[in-house]
Amino acid sequence: MYIIFLGAPGAGKGTQASGVAEEFGLVSIATGDLFRQAVERGDDLGEKVKEYMEKGALVPNEITVQMVLNKLSAPECRNGVILDGFPRNLGQAEALDEAFKKQQKNIDSVVYIKVEETELIRRLGGRWVCRSCQSPYSIEGTLTEEQKKCSKCGGELYQRPDDNLETIKNRLKVYFTETSPLIEYYRDSGRLIEVDGEGEVGEITKRIIEALRRKA
Ligand code: AP5
C-alpha cells in the first residue's frame with residue numbers, strides 16, 4: 001500500500017500520518033523531517049536545503065526526488081509507505097509516477113486533508129515539535145523549561161524556525177501556487193480521497209482510515 005498525504009502546511013499531515021501508518025503497518029516518510037534532521041546534523045544535504053527551508057521555499061526537485069526514491073528503496077518500505085509532504089509540485093508527482101511504473105508499483109490513494117486558511121495559521125503559530133521524535137504538539141502561550149518535554153520520548157520541545165508569521169504566509173503562498181494543482185492531477189487519475197481535516201484529531205484519523213478501507 002502506497003499512500004500520499006496532501007494538504008497545506010498545518011493541515012495535520014504529520015499528526016495523522018503516525019496513527020494511519022500504525023493502523024495499516026506502514027512506514028511514514030516525511031520529507032520535511034528528513035530535511036530538518038539533515039540541517040541538525042549539519043551535513044552536505046543540510047547545507048544545501050537550509051536556505052530554502054528558512055524562506056519557506058521548496059527544495060529543488062533534483063535533491064528532493066533523489067532523497068525520496070533512495071528512502072523508498074530501503075527494505076523496511078517493502079510493505080508500503082505513507083508519503084507525508086511529497087510530492088509537492090507536478091515535477092515531483094511525475095517523477096514518482098515514472099519511477100513507480102518502472103518498479104511496477106502504484107500509488108493506491110492520495111489523502112487530501114482540507115483545512116481553512118485561518119485555522120492553518122492558528123495551528124502553525126501554536127505548534128511545538130519534539131527535537132527527537134518529531135511529534136507535533138499544539139500549545140497556546142509560552143512554556144517553562146520544565147514543560148518543554150515530549151510526553152512520548154522525553155525529548156526537548158521547540159518551535160520550528162519556519163513557524164513565524166512571515167514564513168508561514170510564504171509557505172501558504174508556495175502551497176497554493178505550486179502544490180495545490182496536484183489535487184486535480186490526482187483527482188483526474190481517480191486516486192484522490194478528500195477528507196475534512198477540521199475537528200478532533202482522533203475523529204479525523206477515523207475518517208481517513210474509513211475512507212482508505214472503502215477505497216481498497
Ligand atoms: P514540512 O515539514 O513538510 O512542512 P509543511 O508542509 O509546511 O507541513 P507542516 O509540517 O507545517 O504541517 P502538517 O500538515 O504536517 O501539520 P502537523 O501535523 O504538524 O516542510 C518544511 C519545509 O521543507 C518546506 O517549506 C520545504 O522547504 C521543505 N520541503 C519539505 N518537503 C518538500 C518537498 N516535497 N519538496 C520540496 N521541499 C520540501 O500539525 C500542525 C499543528 O496543528 C500541530 O501543532 C498539531 O498539533 C496541530 N493539529 C493537527 N491536527 C489538528 C486538529 N485536528 N485540530 C487542532 N490542531 C491540530
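Which residues is Y2 in contact with, leaving aside its neighbours within four places in sequence? Contact here means heavy atoms within 4.5 Å. The list is L72, C77, R78, G80, V81, F100, K105, N106, I107, D108 and S109.

Before going on, a word on the source. This is a predicted model, where local features need pLDDT of at least 70, side-chain atom pairs count only at pLDDT 80 or more, and totals for chains, interfaces and linings use all residues. Residues are numbered from 1 along each chain as its sequence is written, and side-chain values use heavy atoms, with hydrogens and water left out.

Back to Y2. Y2 sits in strand 1, residues 2-6. Helices (H or I, at least four residues) and strands (E, at least two) are DSSP runs, numbered from the N terminus. Y2 has 10% relative accessibility, so it counts as buried. The cut-offs: buried is under 20% relative accessible area, exposed is over 50%, and partly exposed is in between, with a 1.4 Å probe and protein chains only. Y2 and V81 are 79 residues apart along the chain, yet their C-alpha atoms are separated by 5.0 Å.

Next, L83. It belongs to strand 3, residues 81-84. Its relative accessibility is 2%, so L83 is buried. Outside its neighbours within four places in sequence, L83 touches I3, I4, F5, I29, V68, L72 and L96, all by contact. From L83 to G32 is 51 residues in sequence and 11 Å in space, C-alpha to C-alpha.

L83 brings us to the core. A nonpolar core is a set of buried Ala, Val, Leu, Ile, Met, Phe, Trp, Tyr and Cys residues joined through side-chain atoms within 4.5 Å. The largest one has 52 residues. Those with the most contacts inside it are F5, L72, I82, L83, L96, V111 and I208. Take I208: beyond its neighbours within four places in sequence, it is in contact with F5, Q16, V20, V111, I113 and V195. Apart from the largest core lies another, of 6 residues, among them C130, L143, C150 and L157.

Now the helix pairs. Helix 2 is residues 31-41, and helix 3 is residues 44-55. Their axes come within 8 Å and cross at roughly 115 degrees. Axes are lines fitted to C-alpha atoms, for helices over the stretch in contact, and angles run from 0 to 180 degrees between N-to-C directions. On the helix 2 side, the meeting residues are G32, F35, R36, A38 and V39. On the helix 3 side, they are L45, G46, V49, K50 and M53. By class, that contact has 6 nonpolar, 2 polar and 2 charged residues. Ala, Val, Leu, Ile, Met, Phe, Trp, Tyr, Cys and Pro count as nonpolar, Asp, Glu, Lys and Arg as charged, and the others, Gly among them, as polar.

One residue from that contact: L45, in helix 3. L45 has a relative accessible area of 22%, so it is partly exposed. Leaving aside neighbours within four places in sequence, L45 is in contact with F35, A38, I63 and M67. L45 and L34 are 11 residues apart in sequence and 9.8 Å apart, C-alpha to C-alpha.

Last pair. Helix 6 (residues 117-125) and helix 7 (residues 165-179) have axes that come within 11 Å and cross at roughly 135 degrees. That makes helix 6 oblique to helix 7. Angles under 35 degrees count as roughly parallel, over 145 as roughly antiparallel, 65 to 115 as roughly perpendicular, and the rest as oblique. Helix 6 contributes E117, L120, I121, L124 and G125 to the contact, and helix 7 contributes L165, I168, R171, L172 and F176.
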